[in-house]
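This report describes a pair of protein chains, first as single chains and then as an assembly. The sequence and the structure are shown here.

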Number of protein chains: 2
Amino acid sequence: MSPRRSDPNARSTLVDIAARLLAEEGPEALSTRRIAAEAGSSTMAVYTHFGGMQGLVREMVHEGFARLQRYLTGVTETDDPVADMALLGRAYRGNALANPDLYAVMFGGFSLAGFTLSDEDRQHGRYTLANVARCAGRCIASGRFEPGDPELVAHHMWVATHGLVTLELGDYLFEPYDAERIFESQLVNMMVSAGDKPETAARSVADSRTRLETEVPE
Amino acid sequence: MSPRRSDPNARSTLVDIAARLLAEEGPEALSTRRIAAEAGSSTMAVYTHFGGMQGLVREMVHEGFARLQRYLTGVTETDDPVADMALLGRAYRGNALANPDLYAVMFGGFSLAGFTLSDEDRQHGRYTLANVARCAGRCIASGRFEPGDPELVAHHMWVATHGLVTLELGDYLFEPYDAERIFESQLVNMMVSAGDKPETAARSVADSRTRLETEVPE
DNA sequence: TTGTAATCAGAACACTGTTATGGAATCCGG
DNA sequence: CCGGATTCCATAACAGTGTTCTGATTACAA
């Protein structure tokens, strides 16, 4: 593996350009010729480095998973695990709102440039649930949550938050039933369903809101 | 408006062909030339009837909303409104599983052939929530749910079910945490969060399961 | 220095949505 | 009944897409 002249990290440069085009101009702007023009090269760059457009999209999806992981690992462990849990949900939503198109490709179940996720990619996505499951385990150990499977709790949390985020990205939630309002009560409902008392759950969820700006990237 | 010879309902024929192609071969198979070949005509048919590919996709989305509406209106009102509520959730999921690609276009927040939903289309989608809100009102009136806004309850139900369905369609739920398992406990959690007692909620959710095959189309 | 491998520019191919053109069949007013 | 007017569609072309082939240019190794 020996590059000719230019950047030795031409790969990440192309991925960055593609991610920027996707974020700024939407999926329609993602074309080999457009990317090549932005990078100042020819369309062949996409093929020598990624084997085609789908390979580039795959790389973008991996970057998307890495960003999500970064958002989740940004929340620190405190002595209130339920508040940590709520903050994980907020971080998950924050990442989706910061990278909406990327999130749609990762979890929207739809194809971009004919690309569809492989089982390995999906496993990559599910791996980020480990953070949530670990926190659920701490909630159970502390006695706030009922004894049970932390992974199952994490899945319930994931399903609910994912549903809210996708409908929010699709502009389906507004006015009296806006995403913020539903999300707040949803977080409390999640904690109560997992076993926490309504009063303490509401308190922890409220506490987690103030930690959002300080413990989440970007 | 007078057709030349063939079908006077050439519009619905083209929509049916497009829907079948989308369901059987995925989004990549949706092309004007392919549709024209299946219909035995030329690509111009798409333009005279729909003004372009996006117009055809819009018509397919409307058809998708109509099918969802048909699924939801299929559940009859019984003297157990909570069971009716659970069955509405099952019907919603049933429609999504029966028309996965169409559902992704409707609610996935992603574009197909450069088509994006208009505000009017979205309103069309939110209108189907009226069925759920009406049922929530009956649950509140019966005393099973706490007094409150039926529409808000419907939104919580929608968000949770949509999240489960999209992750299920994306093949993210399997093995020990499969969609069926999560959905069942999620339904109970929804009812309890709305105010129902855990025992009666579990009973109603279980009762609704047997009604699925008889009260849902297809 | 020579050889080998990697990288990329350019042209070409098959495909896409779309538009312009024109012909054919219906309707509708006389 | 008949003659515009209108509607529909087949054909061909254009600009765009992902992709492949070819060849030239460069970097690194023996």
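In the charge count used below, Lys and Arg are taken as positive and Asp and Glu as negative, while His and the chain ends are left out. The model is a predicted one. On that count, chain A carries 21 positive and 31 negative side chains. The centres of these two sets are 4 Å apart.

**Fold of chain A**

Chain A contains 12 helices and zero strands. Read from the N terminus, its elements follow the order α-α-α-α-α-α-α-α-α-α-α-α. The C-alpha trace of chain A extends over about 60 × 40 × 30 Å along its principal axes. When contacts between residues at least 6 apart in sequence are considered, 66% of them in chain A link residues at least 24 apart.

The following table collects the percentages and areas for chain A and for its pairing with chain B.

| Item | Value | Share |
|---|---|---|
| Residues of chain A | 218 residues | 51% buried |
| Exposed area of chain A | about 10100 Å² | 51% from carbon and sulfur atoms |
| Area buried between chain A and chain B | about 3800 Å² | 66% from carbon and sulfur atoms |

**Assembly of the two chains**

The contact between the chains involves 41 residues of chain A and 41 residues of chain B. Phe110(A), Tyr172(A) and Tyr177(A) provide 23% of the area that chain A buries against chain B, more than any other three residues.

How is chain A related to chain B, in terms of rotation and shift? Chain A is superposed on chain B by a rotation of 180 degrees, with 0.0 Å of shift along the axis and an RMSD of 0.1 Å. This is the relation of a two-fold axis. Within chain A, the residue that comes closest to the rotation axis is Gly163(A), whose C-alpha lies at 1.7 Å. Of the interface residues of chain A, 100% are also interface residues in chain B, so the copies meet through the same surface.

**The loop position Glu146(A)**

Glu146(A) lies in the loop that connects helix 8 (129-141) and helix 9 (150-169) of chain A. Is Glu146(A) buried or exposed? Its relative accessible area is 52%, and the cut-off for the exposed class is over 50%, so Glu146(A) is exposed. Outside its neighbours within four places in sequence, Glu146(A) has contacts with Ile140(A), Ala194(A) and Gly195(A). For one of these partners, Ala194(A), the C-alpha atom is 6.3 Å from that of Glu146(A), although the two residues are 48 residues apart along the chain.

Methods:
Residues numbered from 1 in each chain as written. Chains lettered and ligands numbered in written order. Predicted model: local features only at pLDDT ≥ 70, side-chain atom pairs only at ≥ 80, totals over all residues. Heavy atoms only, no water. Least-squares fit on C-alpha atoms with pLDDT ≥ 70 in both. Contact = heavy atoms within 4.5 Å. Helix = DSSP H or I, 4+ residues; strand = E, 2+ residues; numbered from the N terminus. Buried < 20%, exposed > 50% of the residue type's maximum accessible area, 1.4 Å probe, protein only. Areas by Shrake-Rupley, 256 points an atom, 1.4 Å probe, with all protein chains shown as cover. Charge placed at Lys NZ, Arg CZ, Asp CG, Glu CD. Buried area = accessible area lost by both parts, 1.4 Å probe.
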